[in-house]
Each structure stands twice: as C-alpha cells, then as structure tokens.
Amino acid sequence: MASRIFGSGIKRREDPRLLTGQARYTDDFVLPNMVHMAVVRSPYAHAKIKSIDTKKAASMPGVVGVFTGKQMKEAGFGPIPCAWVVPGSDTKTPPYPPIAIDTVRYVGNAVAIVVAMDRYQARDAVDAVDVDYQALPVTVDAFKATQKGAPQLHSDVPNNVCFHWHVTGGDVESAFKSADVVVKDKIINQRLIPNAMEPRASLAQYGSASGEVTLWTTTQNPHIVRFLLSLDTGIPEHKIRVIAPEVGGGFGSKIPHYPEESMVIFASKALNRPVKWTESRSENYRATIHGRDHIQEVEIAARKDGTIVGLRGKVWANLGAYLSTASTGIPTILHGLMLSGAYKIPNIHEDVYGVFTNTTPVDAYRGAGRPEATFIVERLVDLLARKLKMDPAELRRKNLIPPFKDGYTVATGLAYDTGNYEAALDKALEMADYKGLRKQQSDMRARGQYLGIGLCTYAEICGLGPSQVAGAVGFGGGLWESAIVRFYPSGKVNVFVGVSPHGQGEETTFAQIVASELGVSVDDVEVLHGDTDQTPMGWGTYGSRTTAVGSGALMGAIKKIKDKAKIVTAHLLEASPDDIDYADGKFFVKGSPDKFKTIQDVALMANVAWNYPKGLEPGLEASAFFDPPNFVYPFGAHIAVVQVDAETGEVTLERYIAVDDCGKVINPMIVEGQVHGGIAQGVGQALWEGAVYDEDGQLLTGSMMDYAVPKAAYFPKFELAMTETPTSVNPLGVKGIGETGTIASAAAVYNAVADALASLGVERINMPLTPERVWRAIRDQRRA
Amino acid sequence: MKHAVSLTVNGAKHTAEVEPRLLLVHFLRETLALTGTNVGCDTSQCGACTVIIDGQAVKSCTVLTVQADGAKITTIEGLATDGKLHPIQQAFWEKHGLQCGYCTPGMILTAFDLLQRNPRPSEADVRHGIDGNLCRCTGYQNIVAAVQEAAARLKA
C-alpha cells in the first residue's frame, strides 16, 4: 500500500532490528586482529606536563603500544580544527592538540594512549602510565576568567576572551531611555551534560598498502568528520571512509570531530591493525562536549501598557578549554540572532563574550543557543508582566508578532518564514483551561499550597540552512542536502541520503515520502545513510534539519524520476511525453487514464532498456541536491503547571501542555516522540540537571550517580497538540521538530516555579530548581 | 587464574574459562557476541545492560561472569520466538517506545520482569517500575504506553 505523505503515523521501519538486539552500534563491531585503545586523561584542570613515563605501561600484559601527543604530532597528526569562526568577532583559535603535549587545560584532557589486546588490559595499563604534572592555577567561571589576574589558558588569548561578538538592531539606547519601565535579570543558564545513552566509540582500520582508512564512529555527520579528518590526519579525503553505524542518540554531542577519532586512526596506522576505543560513561562526562553554560545580564524595556520597546544584554559564554567543532557559532549566530523570540521587539542589542576556562569544551547540545535565547526573552517577559501587574498570557499576546505568510524581519536581521503565534497560544490556553488554573491557583494559595503556572511562547530557527548564510556567518561547511533514489528492475527502491539520522526516524519518514510520491509500497523502499562511501555528500543530522532540508533533496530526486518515467511511459504508449500525467502510482495518457504504466513497469524497462526511447540514458536513478532559500522557524506555546512544597522545596511537575507548529506533519507519531523527548530534556535543565565544577576544576558531577538524568517517574503525561502553518522554504512545507521541546520547556517550567515562589516572596533563584535550592530560597526569604 | 563457568543463554549452554573480574555484560557481548545488550554507564544507573537472570531483571554490568555460573540467562536476542516478536517488543514498536534504540533492550527486559510481577500496572506503577532504566530520547511517555499496551496483549 502506498501511504499518504502527510499525517500517516506508520510504525518505524528501523525498529525491528533495534527491538531484537540486531542493530549494530560502533562498539559492537569486531574486526580480525583488532586491539583496544584506552586514554590516559589528566586529573588536573590545568598543569604543565613535566614528563611522561610509558615504560611500565608498555611492559604490562597484553599491551601492544603506548603513545604520547609528541609521537602523534611527529607522525603528522595535527590539531583538531575548529569549524566555525564567526566573522567580525576577532575569534582566537588556539591549537587543540588531540593529545596534550606540554600543557593540560581541563580534567579529562588526553595525555597518552594505551593499546592492548583487550579492553581490560588497556584499562589496567592506563594506570601504569606515569605522568609528572606541575599544577597551574585554574579558572572555571566564564565571567571570572575574563577578570584581571585570572589564570590564562592560552598564551595568545588575553583575558581568556576567545571572541567578543555583538548583535544590534534598532536604537537600543534611546529605547531604554524613553521606556516607562525597565526590568533586569541575571540568569545562569547552567552547564549541562548531553548524556546520549550510547557513549562515544571509534574503530579505525588503516590499510598501509592502499593508504585508506575506514572509521566507524558515533557521529551525527559522517561527511563532516571525513572532511575534518582530512585536515588533521593528513590522509586525503577520498581515502577516508567514515561510517556512522547505528548511533545511540547524539543531541548535538556527536556533531564534533573528536580527538579520539584521530587517535584511533593514528594508532591503527602505527600498529598496522584495527584499533577500537569505547568511552566509559564517567569518561564521557569529561571528554565529550557539554552544553549551555551562559552567564547572562539582561534587561527589557517597555511602555506602561506592556508594549516591549527594547531588549539588551551581556553574555559570558563558557567555551571550555578548547574550541570544539561548532562551539563559537552556538552562543552567537544560534543565540544572539534569536533574541526577538516570538515578539515584536524593535530594538535589540547583545554583547557576547566567548571565554576559555579549565573545563570540558562546550558545543551544541539540543537546541544549541536557542534555549539560551528563549530563556532570556521568556524570563524577561514574565518579570515584566509581574512588574506591570499584567497577566503573562495577555502581555505575551500583546507583543506577539501578528500572523505572517511571507516573511517577517526581526530587529536582529533574521527573516522568519511563516508564523501564527497567537493561534498556538490560544490553543495552549484552552487546553490548559488557563482561567480555571488561575482560579485553582488562588484557591490553593488560600490553603497554603503553591501552584505555579508557567508559559513560554517561542519561535526558533532550524532547518540549517542556506549555505550562503552558513558561509557568511563563518560556518566551515555548506548546509545543503543530497539524495539519490535508485529503482531496481524489480521495482524496489534504495534511497541514499547525506543526512545521518540516529533515532529521529527518517528511514521511515523518507520511505513514506517516496512511497506516496511514486506509488510504491513503503516496504519496497529502503533508506540508507551514515556511510560516506555509500551515500552522497551531505552535512548531517543536527539543527532539526534532517527532514526540513533532506526532504527537499529527496523531492528533487523524485521529480527527476517522475520526469524520466514520463518519457519512458510516452515511448511505451506511443504518446508524447507532454501528454503523460502522473497520479496515484500511474503514468497515463492525459484523458485516457486506462492507458498507463506503473512506476514498476517503468523501472523494469528503464533497467533492461530493451524497448526504450532513443538517446535516453538507461536506468532509473536520480540524484538531487537541495540548498534551502531560508531557515525554517517553528513555533509554539507551552504551559507548565507545578506545585511547590514550601516546607521541603520539592517541585512537582503536575501538567505539561505543548502546542507546537512544525508546518506540515509527515508522521505524527514520530513528531510527537520528538516533542516528548525534547520536553524532557528542557524540564531536566529547569529542575534537576547541572554540571558542577569546583574551584580546582574538578567535575563534581562526574558520573551518572552525581548528575541527575531524569527518570520516568519525574514526569507527568505530556499533553500535546499541533497547529499547522506550512513554510514555503522547502517543497513539502515542513519545519524541524527535533529541538522545539527543549527550547520551550526549560523556560516554561522555570516560569511556573517562579510563579509559585513569587507569592512566597522569592524573586531570584538559579536553575536547576532542586528541592535544596528552592527550600533555601524560601528560607532565606522568610529570614529576610 | 581463570575459572570455568557454565551458563545457559537464550536456551543454549555455554562453557568458558573466564577471568574472575570479567563482567557478565562483557562475557555476553564479547565472548558470546550477543551485542544486543548495551553498556550505557559504569555506575549501574542506566540499565541499558539489563538481562534476565533466572527469571529476574539484573544489570549485567554489575554481575561478574563467575557469579552467574550455572544461571539461565535471557538477553534481548532470546526474547522473540520463531521469528515472531514478543508482545512487549511488538508493543514498543506499535507505541513508538524507542528512538535511538540504545536503552531499548534493557528497557524491554525490565518491562518483562515488571509484567511478571505486576501484570496490570498503572501508569504510575510503570513509571516507578522502570526507575532503574534511563532513556534520553523518548521522555518515557511512549515507553510507558508501550508497557501498558504489552500488559494488555499478554493478558489477552
């Protein structure tokens, strides 16, 4: 059966292998003669390496090699490249050696690698590598690191300021001067640990005869990894094959090209045998990127009637010790440009300082920059409502950008594609019974119970994005996508795509598109991805771009298939190609729908080419690339309802209502799943999660025992609805939905808790809103 | 010093000489090449490595292979019979109870244990019952729905 392209919640085609244990993740691969690598990591956040003694480790049972950064450098392996340098920001890019050579700059910084016959022996030998460190002073806080006298991480980066970037739109000074009311806040958007359930792993097989390397690695974007490896390993790009097999979640943490990918290639080359490295979870917490970590001083200006006239701020964005692949783009382009949110804000200014500290590098984590922007706007709007004694829903309504179909340009310069924000707000308010909730809130307050209601009306930028814009903002790659559709003689289809989904379900979504567009069964379509030797060049899965951009390429290939099929059909039916129409799986002569060929008929004839149009190439295969003319801007309204126990500080999330608009919906089941997961991660930030370093740069939340990854019992059943405002940016009118939940939910939940705490007199409190923090805030307020 | 162990895994008997420190999860994954059981942490928090040992869900990263000597073990590879998905697997598929799939084998086997003890769990029962298994993709909502759906299917 051909499925409908939109609204068909068919079961996922990737699931049977995942449900039965037959899926193969990177660590599942075993190659003949394979050995295991383990990494010696610095226990110091900042230190000189005086010496490294590898002799004892090298003599341990099973050990086949111990290597240092110096050896890797001498073998021609260069620093890990930074792939995003934002123009106009004077960005410093100090070298990021895959293995530290003379200085370590964060706890977890690699100092040596050990390779042994099995993973236990490799782990044993790690402890036998004797590194003599001379400890140096440490700085972990993004603001303090910029102050006079702070320890310096990189000799050529004064005050640890990697860059100063700003965004300006309108005349902020005048707006604030003439405003009736100004509200300020200092927000700590805390550091988070992504926690994809599969830790990272990499397996390299280098062939000395061919000079080719194959790397199986836990990545969201194998083509980018290949490109960057060609820069730092010295192996030319066409001799590198990167395979992302099954990947167990990423959330941004598997975008970067990591040092360990270079290390396994180096070790495989040095030892002439396959080398595999698999991260432990505690290692993941130190060696895999973190997210967020902003200190934000922000303010909003408005007229007495609630009309917002300006927003400005200063942000210190912690980048960690080195620049990870995309790290400078996150707190700038993906954050600062989104400060208008869903509102008309004519005047905006923000200064962003990117700062090096002695911490794990920070890069994209689900939402990547937009949650940090949304939180600012949504927090300030709530504070403004309180100050003006207006209902936060009504203040939002007053300032929302009115419905638009042909673009709306905000003060930061972005041109949003389409939006109908008030419709989403209305729907959410109705689902929540907002008026009823407010009444319930005041009734409960009379009984000494603290109900909080929090809103977030967001707009976000995703579907990254036009390549010209990518280039203009300093991203070191394109952002188009690719697809090949190949019909076999039997009428079965392979689709090869440059994106690399890892849980988002595009093997199903894309099969639905092909099936409904070309009249084949979904079961006759297999979607392949994640192997640079097998798939066309593409930029990967992140920034909620896989369906939004990838489907554009797929639709392009489908169109070429249809065009060719019309020519073949015309030949077979002795008609003119112009007279052939297509509908419901049939290519037919206009006006004579009984004279037709199916795509299967055409596929057979095109592949055997026995009776075939003169001059037409045989085969039924098409390849297409799609570079979108704009980003897409999903939006929505979320409402959180919490209860705060004033005696224990415990916050209970009672209800969560999410109305999202991602344009046209292909598979609603998959879309809802994306929203669920997104909400959970944002709620996690608001209430439980936070990476904590002490003054010495030790990660206090260094394992899953110490970092609160949310559990099932923490959540209520989320209540979801959609509105549908298609975009014209891509052929199907679809927007991304992978990150919306996270972008909205931290702000909605925080606002709900703040709403409850306001009646207890608590005005400021930092995330995560753990019982201890909430209890202390209430106690401090009562004492004051 | 290696120790001889003998275990029945998914109905097949295996004997091996193992180091005393070899974790059961590594024995399953590397000695028996049953890679469906995943490792997601090193502190017994995540539950990705959950298998059924003598009828009970156990985190196989927390058991030494020598401790499992003589045990009957079911891994995710042993749950489907005759090429037919187990009702719990079927329910996870129907209800979209998985995304990246990494936590799924452990989650399904924990659900298997839960449903043996409590064949008709409430939503709250399920949420508490899978407390030892972490998922970062789904927000748990469809996992909970899948376990309740599985309960209905198993009862039918």
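Phi outliers, domains and the chain interface

Trainee: In this predicted model, which residue just after H17(A) takes a positive phi?

Mentor: Most residues other than glycine have a negative phi. Just after H17(A) there is a residue with a positive phi of about 55 degrees, and it is A:Ala609.

Trainee: Which residues of helix H17 of chain A are buried?

Mentor: Helix H17 of chain A runs over residues 599–608. Its buried residues are covered by elements that include helix H15 (506–518), helix H16 (546–572) and strand S24 (592–598) of chain A. The buried residues themselves are A:Ile599, A:Val602, A:Ala603, A:Met605 and A:Ala606.

Trainee: How far apart are the end C-alpha atoms of helix H10 of chain A?

Mentor: Helix H10 of chain A has 19 residues (370–388), and at 1.5 Å a residue they should span 27 Å. The separation of the end C-alpha atoms agrees with this, at 27 Å.

Trainee: How many residues of H10(A) are buried?

Mentor: H10(A) is largely enclosed by the rest of the structure. This follows because, out of its 19 residues, the number buried is 16.

Trainee: What phi does A:Lys389 take?

Mentor: A:Lys389 comes just after H10(A). Its phi is positive, at about 55 degrees.

Trainee: Is A:Ala368 buried or exposed?

Mentor: A:Ala368 lies in the loop between strand S15 (348–356) and H10 of chain A, and has a positive phi of about 40 degrees although it is not a glycine. A residue with 20 or more other C-beta atoms within 10 Å of its own is buried. A:Ala368 has 29 C-beta neighbours inside 10 Å, so it counts as buried.

Trainee: And B:Asp54, does that count as buried or exposed?

Mentor: B:Asp54 is found in the loop between S3 and S4 of chain B, and has a positive phi of about 45 degrees although it is not a glycine. The cut-off for an exposed residue is 12 or fewer such neighbours. With 12 C-beta neighbours inside 10 Å, B:Asp54 counts as exposed.

Trainee: Which residues does the cis peptide bond with omega of about -5 degrees join?

Mentor: Most peptide bonds are trans. A cis bond with omega near -20 degrees runs from A:Leu464 to A:Gly465, and A:Gly465 is in the loop between strand S18 (450–459) and helix H14 (467–472) of chain A. The bond with omega of about -5 degrees leads into the loop residue between H19 and helix H20 (771–783) of chain A, A:Pro768. That cis bond joins A:Met767 and A:Pro768.

Trainee: Which helix gives the most to the largest nonpolar core?

Mentor: The largest nonpolar core has 313 residues, and A:Ile113, A:Val114, A:Val495, A:Val514, A:Val749 and A:Val753 touch the most other members. One of these, A:Val495, touches residues including A:Phe510, A:Val514, A:Leu528 and A:Leu554. The most residues in this core, 12, come from residues 740–758 of chain A, helix H19.

Trainee: How far apart are the C-alpha centres of domain 1 of chain A and domain 3 of chain A?

Mentor: The assignment places domain 1 of chain A at 31–136 + 197–249 + 254–287 and domain 3 at 480–626. Their C-alpha centres lie apart by 41 Å.

Trainee: Which element supplies the largest share of the side of domain 1 of chain A that touches domain 3 of chain A?

Mentor: The contact takes 14 residues from domain 1 of chain A and 14 residues from domain 3 of chain A. On the domain 1 side, eight residues are nonpolar, four polar and two charged. The largest share there, four residues, comes from H6(A).

Trainee: How many charged residues are on the side of domain 1 of chain B that touches domain 2 of chain B?

Mentor: Chain B is divided into domain 1 (3–77) and domain 2 (87–155), with 21 Å between their C-alpha centres. The contact takes 15 residues from domain 1 of chain B and 12 residues from domain 2 of chain B. By class, the domain 1 side has seven nonpolar and eight polar residues, while the number of charged residues is none.

Trainee: Which element supplies the largest share of the side of chain A that touches chain B?

Mentor: 44 residues of chain A are in contact with 44 residues of chain B. Helix H1 (15–19), helix H8 (281–287) and helix H18 (668–687) of chain A each supply at least two residues of the chain A side. The largest share, seven residues, comes from H18(A).

Trainee: What ipTM does the model score?

Mentor: Chain B averages a pLDDT of 97, and 100% of its residues score at least 70. The model has a pTM of 0.98 and an ipTM of 0.98.

Terms used: Residues are numbered from 1 along each chain as its sequence is written. Chains are lettered from A and ligands numbered from 1 in the order in which they are written. This is a predicted model: local features need pLDDT of at least 70, side-chain atom pairs count only at pLDDT 80 or more; totals for chains, interfaces and linings use all residues. Domain bounds come from an automatic or database domain assignment. Two residues are in contact if their C-beta atoms, placed from the backbone, lie within 7 Å. Ala, Val, Leu, Ile, Met, Phe, Trp, Tyr, Cys and Pro count as nonpolar, Asp, Glu, Lys and Arg as charged, and the others, Gly among them, as polar. The expected span of a helix is 1.5 Å times one less than its number of residues. A nonpolar core is a set of buried Ala, Val, Leu, Ile, Met, Phe, Trp, Tyr and Cys residues joined through C-beta atoms within 7 Å. pLDDT is the predictor's confidence in each residue, from 0 to 100. Lists of a residue's contacts leave out its neighbours within four places in sequence.
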